[in-house]
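I open a fresh page for this two-chain model. My plan is to look things up one at a time and write down what I find.

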Amino acid sequence: MPSKPDLSRQTPPTHLVRWQSRIYAIVGLSILLIVIAALATTVGSVKIPFLTTCQVLISKLPFYYATPVWPSGVETIILEIRLPRVILAGLVGAALATAGATYQGLFRNPLADPYLIGVAQGASLGAVIGFLLPTTWHGMGVGVVPLFAFVGAIVSTAIVYGLARVGKTLPVTTLILAGVALGALLGSIVSYLIISSGEKMHGIIFWLMGSFSLSQWTDVKLVLPYVVVGIAVILLYARPLNVMQLDEEQAQQLGINVERLKLVLLAAATLITAAAVSFVGTIGFVGIIIPHAVRLVWGADHRFLLPLSVLSGAIFLILADLIARTAQAPTEIPIGVITAICGAPFFLYLLRRRKKVIF
Amino acid sequence: MIKIEVQDICLGYSRKEVLKGVTFQVMPGEMVGLIGPNGCGKSTIIRALTRIISPYRGRILLDGKDIASIPRQELARMLGVVPQMPLLPSAFTAFEVVLMGRNPHLGLFDHESQRELDIVWYAMERTMTQHLARRRVGELSGGEIQCLLIARVLTQETKAILMDEPTANLDIGRQVEILNLIKNLCRENNLAVLAALHDLNLASQYCGRLVLINNGRVHAQGTPSEVITNRNIKEVYGAESCVYTHPANGLPAVLVNPGNGRASNLRKVMERDEV
């Protein structure tokens with residue numbers, strides 16, 4: 001038993017754990033995220049120099065005072081129109097990528113994405129009902145559509161969870177099957193409601209494909225706490241999630257309370273997905289592709305896969321939204337179209353370049 | 001030091017009763033072999049000992065405490081397992097898989113320090129797996145994986161170890177290496193070791209005591225000479241065999257007998273050659 005080994009001569013080569021290069025990746029991606037976010041704030045229908053954008057943004061940092069040398073209109077465009085949109089895109093991208101990585105890890109299934117167990121269909125049904133209600137009620141800054149979408153997402157996942165539970169355990173395969181079945185059911189109801197929705201059809205379809213065009217600070221304030229807390233919880237469980245990659249029996253024998261882990265991670269991942277989706281619609285592709293791309297480049301260890309997915313997801317969706325609003329200006333392209341058009345070729349390139357086991 | 005006590009456990013899967021009152025003990029510093037035919041309940045006993053399934057009668061004591069009352073993480077610090085042909089995530093490196101053995105010792109807010117890495121590296125040295133450290137486990141052979149699993153259980157630093165067919169995928173040289181290693185660890189650190197083994201000869205050579213399971217009951221238990229007898233093998237396995245004494249150490253050794261009536265011939269040949 002290696003309880004009292006002569007450790008002086010037993011030091012493993014540090015490159016074995018590949019920690020250093022991954023920590024560099026985290027730092028590098030964080031810097032890239034800030035640069036991309038600033039860049040995305042600069043670009044738009046009104047031309048604002050990059051330097052001015054940086055000055056405006058920096059002037060808003062705490063403990064920093066600068067005399068404005070720019071027109072107040074510029075400040076409004078940057079702070080009230082573009083910045084909330086960029087931040088919301090970053091939050092949603094981070095949330096979807098992290099939730100995707102979590103579901104893939106938890107289910108040990110490379111095809112899992114944040115919408116696998118009914119979140120998207122529940123949110124869509126809620127949103128469609130919200131659209132069809134003859135009311136424009138607003139409470140605490142939430143419109144009826146996001147509220148219903150959020151409730152729909154949570155309720156449908158809770159139903160799937162309840163259906164899949166066997167006694168005190170939650171078999172993962174049953175959970176996925178229940179999710180797919182309920183998703184199909186809700187999806188068909190959504191389709192029916194759409195074709196009978198009349199002139200509201202365009203708005204509904206636009207919502208389903210996802211858009212950041214209506215982003216405001218109130219949205220950011222509502223989404224932020226869910227996403228931050230949810231991601232923090234998930235990051236905390238990165239090491240147990242690694243051990244879960246063995247199988248449930250081994251994970252238990254290595255001291256993991258598997259059922260509690262599943263419950264905590266499912267709740268956290270579902271919550272951040274629901275919060276993200278309810279304001280901007282069911283944006284596809286981010287949640288399944290970003291985690292795999294990160295895995296291809298940096299390996300499958302969740303302690304790095306998760307934080308790197310947070311950063312990559314945010315960067316990816318900020319860029320996708322930038323393209324969505326500028327490529328065909330003044331018309332906006334639904335962001336779900338962009339994520340697939342830009343993301344798929346990039347992912348296929350990664351897949352071909354590194355022909356190795358990634359999952 | 002930990003003593004494993006299995007007291008009269010009965011358990012089953014849905015309708016089928018698998019264990020029907022099994023009682024035995026493993027003392028510290030002792031290596032006990034669990035033998036018996038396929039489907040007799042060996043693996044079920046190991047699963048019961050790690051609380052994957054709970055007996056509906058009887059109890060299992062670890063260090064005098066009922067395992068039903070021990071939290072999982074604490075249980076994993078007392079009792080380590082080498083599973084049989086487990087699923088491993090093929091994209092992880094060998095080093096990362098062995099490092100998972102430290103999980104029971106780390107809380108939610110801890111991270112692996114240099115100490116954990118050193119423990120892993122030392123365990124990999126003892127199991128001769130250091131050269132595999134950077135390889136992905138999906139590329140490794142069954143024997144290499146078996147050695148990694150033993151390295152993993154060593155990094156768990158438990159006082160009791162359960163093994164389900166630890167030598168199943170190994171060639172004869174590796175079988176001896178691994179069992180020697182386990183035997184030495186058991187003796188040096190007073191570990192309680194319970195190994196489910198198919199190979200009666202290995203069980204006889206390495207285990208101080210054997211528990212022979214048949215049909216969910218203990219058919220016989222005691223020293224190898226008491227358990228491995230022609231009569232027991234006939235009764236439990238339904239196979240004709242010849243039990244001899246090993247020429248080097250006097251422990252029982254089993255030779256199978258392929259056809260009817262040849263056992264006596266074989267015995268005559270062995271006696272003539274004074275093997």
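**Entry 1: a strand pair in chain B**

I started with one residue pair: Val6(B) stands opposite Ile60(B), which belongs to β4(B). The model I am reading is a predicted one. I then looked up the two strands behind that pair. Strand β1 of chain B covers residues 4-13, and strand β4 of chain B covers residues 57-62. They pair in the antiparallel sense, over five bridges.

What packs on the sheet here? I found helix α1 of chain B, residues 42-49. Helix α1 of chain B touches β1, β2 and β4 of chain B. Its direction makes about 70 degrees with that of β2(B).

**Entry 2: the whole sheet**

Next I wanted the strand order. Four strands of chain B form an open sheet, and I read the order as β2-β1-β4-β5. The pairing is antiparallel. Which strands are at the edges? I noted β2 (16-26) and β5 (65-66) of chain B, each of which pairs on one side only.

I also checked how β1(B) meets β2(B). They run antiparallel and eight bridges join them. I looked up one partner there: Leu11(B) has Leu19(B) in β2(B) as its bridge partner.

**Entry 3: the hairpin turn**

I moved on to Ser14(B). Ser14(B) is in the loop between β1 and β2 of chain B. The hairpin of β1(B) and β2(B) has two residues between the strands. Ser14(B) takes a positive phi there, near 35 degrees.

Is Ser14(B) buried or exposed? I counted 4 other C-beta atoms within 10 Å, so Ser14(B) is exposed. The cut-off for exposed is 12 or fewer. I also took a distance to another part of the chain. The C-alpha atoms of Ser14(B) and Leu99(B) are separated by 35 Å, and the two residues are 85 apart along the chain.

**Entry 4: the domains of chain B**

I pulled up the domain assignment for chain B. It gives domain 1 as 4-239 and domain 2 as 240-275. Their C-alpha centres lie 30 Å apart. How many residues are in contact across the two domains of chain B? I have 12 residues of domain 1 in contact with eight residues of domain 2.

On the domain 1 side, α7 (200-206), α8 (224-227) and α9 (230-237) of chain B each supply at least two residues. The largest share of that side comes from α7(B), with four residues. I sorted the domain 1 side by residue class: five nonpolar, six polar and one charged.

**Entry 5: chain A at a glance**

I turned to chain A. Chain A has 14 helices and two strands. Of its 359 residues, 46% count as buried. I also looked at contacts in chain A between residues at least 6 apart in sequence. Among these, 76% join residues at least 24 apart.

**Entry 6: two helices of chain A**

I picked one helix pair to follow up. These are helix α4 (residues 119-132) and helix α5 (residues 144-164) of chain A. Their axes come within 6 Å and cross at roughly 145 degrees. The crossing of α4(A) past α5(A) is right-handed.

I noted some of the residues that make the contact. Among them are Val119(A), Leu125(A), Ile129(A) and Phe131(A) of α4(A). The α5(A) side includes Val144(A), Leu147(A), Phe148(A) and Val151(A). By class, the residues of this contact divide into 14 nonpolar, seven polar and no charged.

**Entry 7: Ile338(A)**

I looked up a single residue in helix α14 of chain A, residues 335-353: Ile338(A). Why does Ile338(A) count as buried? I found 23 C-beta neighbours inside 10 Å, so Ile338(A) counts as buried. The cut-off is 20 or more.

Leaving out residues up to four places away in sequence, Ile338(A) touches Ala320(A), Ile323(A), Ala324(A) and Ile333(A). I checked one of those pairs. Ile338(A) and Ile323(A) are 15 residues apart in sequence, and 7.3 Å apart in space from C-alpha to C-alpha.

**Entry 8: where the chains meet**

Last, the interface. I have 30 residues of chain A in contact with 43 residues of chain B. On the chain A side, α9 (238-244) and α10 (248-253) each supply at least two residues. α10(A) gives the most to that side, with four residues. The chain A side divides into 16 nonpolar, 10 polar and four charged residues.

Technical notes. Residues are numbered from 1 along each chain as its sequence is written. Chains are lettered from A and ligands numbered from 1 in the order in which they are written. This is a predicted model: local features need pLDDT of at least 70, side-chain atom pairs count only at pLDDT 80 or more; totals for chains, interfaces and linings use all residues. Two residues are in contact if their C-beta atoms, placed from the backbone, lie within 7 Å. Ala, Val, Leu, Ile, Met, Phe, Trp, Tyr, Cys and Pro count as nonpolar, Asp, Glu, Lys and Arg as charged, and the others, Gly among them, as polar. Axes are lines fitted to C-alpha atoms, for helices over the stretch in contact, and angles run from 0 to 180 degrees between N-to-C directions. A crossing is left-handed if the near helix is turned anticlockwise from the far one by less than a right angle, and right-handed if clockwise. Domain bounds come from an automatic or database domain assignment. Two strands pair if DSSP finds at least two bridges between them.
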